[in-house]
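Trainee: Could you take one part of this structure, the packing of its aromatic rings, and examine it closely for someone who has not met the structure before? Please set it in the context of the whole chain.

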Amino acid sequence: MKAPTIFVAIASYKDPLLQRTVWDAVDKAQHKHRLRFGIVDQCDAPQRWATPTGAFGRQMQYLWVDPLMSRGTCFARALAQQLYAGETLYVQLDAHMAFPPYWDAWVVDTLLDRMASGGPCVVSSYPPSMEWEGDRAVIATPAAGTVTCHRVNATAAFDARGIYLDFEACHHRRSQPVRAHHLSAAVLLAPGRFAEAFPYDPFGYYLGEEQMLALRLFTHGWDIWHPVDNPIGHKYNDHQDPAIRPVHWSDDPDGLRPIPHGVWQQESYRRQRRTVACPGFGGVYGLGGVRSLADYAAWTGIDYVRRTSDMDRARELSPEEGA
């Protein structure tokens, strides 16, 4: 088999850790020449990144977007995804990540093992938290042999406007990946054709992004798997931290935008409601016909059509699921 190449899609909004994220990914990779980056940077003009030139510069595609023209998370991910150019594997990341040594080998081994075990799939889970201590990234990885699963938050209720439902992480000791009903948009590993089969809906916004993508994958016959020992760290926004990074929906320029963020979120909610209620709505951004939303509800206890959930089942699938 030809050595696999990896496309890394990163969407950033005024993120001070973007460059550190990219260079940490490069520095810690075992096979740097097999990486190619698609970066969408929504930042003020003075902060635009002068991406490297030369041989490695050709491995980076960088697209700048004026933050006043930005339409949110899904819009930026859709742009980054369009920079995909046929690489073997596809990795979607946030712009505030850190990596262990040879993280790219973990991606290849994890994905190829899953792809060899069955049908089309993605591998994804909430990443462990990370903090930078000087030049050293400290990743709070759980004990070895841990699968981070997703469960519905005990106090969660369906958002009345869309399909958003709050999930949280729980940890199981497992030696094999667990078949999942939800995913993390912050760390998503997939075969390269994911970029063509599941184009990001640029009219999505933020809330409901992960739920919508999980349903699209499920109904098109793709499985989601939570990996064993996800090693890629994520800097979560700490509201006690004075260096909190800006977010699109609360940033000062929102009042200066031609269309404020609330309009995009409401449009995203409308599309979510139509997608689950009207078969065929959404075109390439819609649901598939291999498995139904009723199949999803029967498996998980989460019924996105009726906006109900069997909490005893929906909170957490059995640790044996996917064995």
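**Aromatic rings within the fold**

Mentor: In this chain, 76% of the contacts with a separation of 6 or more join residues that are 24 or more positions apart, a contact being heavy atoms within 4.5 Å. The model is predicted, so that local features need pLDDT of at least 70 and side-chain atom pairs count only at pLDDT 80 or more, whereas totals for chains, interfaces and linings use all residues. Residues are numbered from 1 along each chain as its sequence is written, and side-chain values use heavy atoms, with hydrogens and water left out.

The fold comprises nine helices and 16 strands, which are DSSP runs (H or I, at least four residues, for helices; E, at least two, for strands) numbered from the N terminus. With a radius of gyration of 19 Å, close to the 20 Å that the globule rule gives for 323 residues, the chain is as compact as a globular protein of that length. That radius is taken over C-alpha atoms, and the rule is 2.2 Å times the number of residues to the power 0.38. The C-alpha trace spans about 55 × 50 × 40 Å along its principal axes, and 55% of the 323 residues are buried. Buried means under 20% relative accessible area, exposed over 50%, and partly exposed in between (1.4 Å probe, protein chains only).

Within this fold there are 16 aromatic pairs. Rings of Phe, Tyr and Trp (its six-membered ring) pair if their centres lie within 6.5 Å; planes under 30 degrees apart are stacked, over 60 edge-to-face, and the rest tilted. One of the pairs joins F198 and W222, whose ring centres are 5.0 Å apart and whose planes stand at 85°, so this pair is edge-to-face. F198 belongs to the loop between helix 5 (194-197) and helix 6 (209-219), and W222 to the loop between helix 6 and strand 13 (223-226); the pair therefore ties together parts that are 24 residues apart in sequence. Both F198 and W222 are buried.

F218 and Y296 also make an edge-to-face pair, with 5.2 Å from centre to centre and 80° between the planes. Because F218 lies in helix 6 and Y296 in helix 8 (residues 293-300), this pair ties together parts that are 78 residues apart in sequence. F218 is buried, at a relative accessible area of 6%, and Y296 is buried as well, at 2%.

F198 and W222 also belong to an aromatic cluster, together with F7, Y84, Y90 and F194.

The surroundings of helix 5 and helix 6 complete the picture. Both of these helices, along with strand 1 (6-13), strand 2 (35-42), strand 3 (60-65) and strand 4 (89-93), are packed against by the buried residues of helix 3. Eight of the nine residues of helix 3 (residues 73-81) are buried, so helix 3 is largely enclosed by the rest of the structure. Among those buried residues are F75, R77 and Q81.

For contrast, some positions are partly exposed. D229, in the loop between strand 13 and strand 14 (233-234), is partly exposed with a relative accessible area of 31%. Its phi is near 60°, a positive value in a residue other than glycine. Y102 likewise has a positive phi near 60°; it lies in the loop between strand 5 (97-98) and helix 4 (103-117) and is partly exposed, at 49%.
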